[in-house]
Every structure is written in C-alpha cells, then in structure tokens.
Amino acid sequence: GSSAEAALASRALTASGATSEAALELWATWLASDDVSLRLEALLGLRVIGRGAIAHEETVVALLDDDVTRTAAAQVLTAIGTPTSWSAVVSAFIAADGKPPLALLSAMGRYDAGALAPAHDRFRELYHQGHYVMAAFLLRFGDAAVDDFAHELTSGLADRRLVAAESLGHLGAAATPALPKLQKLNERHPIAQQLVRDAIARIK
C-alpha cells in the first residue's frame with residue numbers, strides 16, 4: 001500500500017503499545033526509508049519499545065543529524081537510556097543552531113548533571129539570551145549556576161530578574177554570595193516583591 005496507509009497501520013500499532021518482534025523489524029526497516037514520514041513513524045514506534053530498541057541505537061543516533069527527525073530521534077534515545085544514547089542527544093543539542101525545540105529539551109529533562117555537563121556552556125549561552133527555560137537545566141549544576149543567575153538580577157527586564165531570583169531561591173544556601181544583589185532588588189509589583197522575599201528566605 002501507500003506510505004500513508006503504512007503510516008496509519010504503524011500508528012495503530014503504536015497506539016496499542018505493540019512491542020512485538022514483527023513491529024520492531026518493520027520500524028527498523030523504515031529507519032532507512034527515503035520517505036521521511038515513514039522514518040518519523042518508525043521513531044514514534046521505537047519510542048514505545050524503549051530499551052528494547054537498543055539494537056538500533058546507532059541508526060537512531062544518525063537521525064539526530066536531520067532537522068526533521070532530530071527531536072523524534074532524541075526521544076527514542078532517551079527511552080533507550082544508555083550513556084551513549086544520552087550523550088548523543090546532548091551533543092546534538094549543543095550542535096543545533098538557534099533556539100532548541102521544547103520537545104527536545106523535554107527529552108533531556110530526566111538527564112542528570114553528569115549527562116548534561118558537556119552542554120553547560122550552551123545552557124548558559126541560551127539562558128543569557130533570554131531563553132528562561134534554560135534556568136531549569138542550570139539548576140542541575142548547583143553552585144556553578146549562582147553567578148549566572150546573579151548576573152541576571154541586574155537585567156532591565158522584570159521577567160529576567162524574577163526568573164533569576166526564583167532560581168537562586170531554589171539553590172538555597174549555595175546562593176548566599178548572591179544575597180547582596182538580591183536584597184537590593186526593589187520590584188514594583190507586590191507579587192514580584194513577595195517572590196524576591198521568598199527567595200531570600202530560602203537562601204538564608
């Protein structure tokens with residue numbers, strides 16, 4: 001049948017949670033297809049299989065080089081869960097141009113600081129460009145993130161200051177060096193003032 005029909009059948013297999021050998025073989029074949037829609041369907045299926053797709057890890061890693069399949073491949077590799085698969089995803093994140101898609105960041109959400117370490121500088125760069133979601137990743141690095149958050153406390157944008165203040169609060173006592181800057185913040189909005197006070201209390 002057509003690739004559309006094949007994709008529909010595959011979607012049904014995925015929705016049913018199929019993890020049979022036949023389904024795995026089908027999706028493995030599609031990984032090398034010239035049809036990008038079939039490659040994406042294969043990745044969707046392999047994500048359901050998770051660690052059972054480990055034999056195809058290398059092929060999936062290669063799909064991180066394609067802008068179209070990068071995020072789906074990252075989701076599969078996260079599900080496979082080996083150090084090499086996570087390392088490949090982090091490397092792809094570092095190499096990607098521009099703001100990374102939220103789904104790619106979500107795929108890395110369960111990685112520990114050790115797995116994320118090679119991307120530390122990239123997280124810092126994106127955070128200082130105003131991509132606030134990077135604060136959640138910088139928090140994994142504990143003390144090493146204090147200066148980054150403290151720097152943002154002097155931003156002319158309230159959103160940036162408040163994300164930094166809240167992040168410092170999450171770091172607790174480790175953020176003590178940032179207290180003088182934090183205590184100088186004079187936010188106009190009562191909710192913002194309370195957020196800053198809460199952060200100071202957490203640090204103290």
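Does R122 count as buried or exposed at 11% relative accessibility? R122 counts as buried, where buried means under 20% relative accessible area, exposed means over 50%, and partly exposed is what lies in between (1.4 Å probe, protein chains only).

Before the tour starts, note that this is a predicted model, in which local features need pLDDT of at least 70 and side-chain atom pairs count only at pLDDT 80 or more, while totals for chains, interfaces and linings use all residues. Residues are numbered from 1 along each chain as its sequence is written, and side-chain values use heavy atoms, with hydrogens and water left out.

**Stop one: helix α9**

Select residues 120–128, which make up helix α9; helices here are DSSP runs (H or I, at least four residues; strands are E, at least two), numbered from the N terminus. Within α9, colour H120, R122, F123, L126 and Y127, which are the buried residues. They cover an arc of only 165 degrees around the axis, which puts them on the same side of α9, the arc being that of the directions from the helix axis to the C-beta atoms. If you now show the surroundings, you will find that these buried residues pack against α6 (83–95), α8 (113–116), α10 (134–138), α11 (146–152) and α12 (158–171), with contact meaning heavy atoms within 4.5 Å.

Stay with R122 and add the side chain of E125, because the two meet in a salt bridge (3.0 Å, N to O), which is defined as a side-chain nitrogen of Lys or Arg within 4 Å of a carboxyl oxygen of Asp or Glu. Being 3 residues apart in helix α9, E125 and R122 are separated by about one helical turn. An α-helix has 3.6 residues a turn, so residues three or four places apart point the same way. Whereas R122 is buried, E125 is partly exposed, with a relative accessible area of 40%. Past the end of the helix, select G130, which follows α9 and has a positive phi, near 105 degrees.

**Stop two: helix α12**

Move next to α12, and place a distance label between its end C-alpha atoms: they are 20 Å apart, which agrees with the 20 Å that 14 residues should span at 1.5 Å a residue, the expected span being 1.5 Å times one less than the number of residues. The buried residues of α12 are R160, R161, L162, A164, A165, S167, L168, G169 and L171, and what covers them includes α9, α10, α11, α13 and α14.

Pick out A164, which lies in this helix and is buried, with a relative accessible area of 0%. Leaving out residues up to four places away in sequence, A164 touches Y127, F149, E152 and L153. You can also draw a line from A164 to A135, since the two are 29 residues apart in sequence and 7.8 Å apart in space, C-alpha to C-alpha.

Now select R161 together with E187, whose side chains meet in a salt bridge (2.7 Å, N to O). E187 lies in the loop between α13 (179–184) and α14 (190–203) and R161 in helix α12, so the pair ties together parts that are 26 residues apart in sequence. Both E187 and R161 are buried. After α12 comes G172, with a positive phi near 65 degrees.

**Stop three: helix α3 and the loop beside it**

Finally, select residues 36–49, which form helix α3, and colour its buried residues: L38, R39, E41, A42, L43, G45, L46 and I49. G50 follows this helix, and its phi is positive, near 65 degrees.

Which residue forms a salt bridge with R39? The partner is D66, with the closest N and O atoms 3.5 Å apart. R39 lies in helix α3 and D66 in the loop between α4 and α5, so the pair ties together parts that are 27 residues apart in sequence. R39 is buried, with a relative accessible area of 12%, while D66, at 25%, counts as partly exposed. In total, the structure holds 6 salt bridges.

In the loop between α4 (57–62) and α5 (70–80), select V68, which is exposed, with a relative accessible area of 51%. Leaving aside its neighbours within four places in sequence, V68 is in contact with V36 and L40. V36, L40 and V68 make a nonpolar surface patch of about 200 Å²; patches are made of residues with over 30% relative accessible area and no salt bridge, with like charges joined within 9 Å and nonpolar side chains (Val, Leu, Ile, Met, Phe, Trp, Tyr) within 5 Å, and accessible areas come from the Shrake-Rupley method with a 1.4 Å probe, only the protein chains shown counting as cover for residues.
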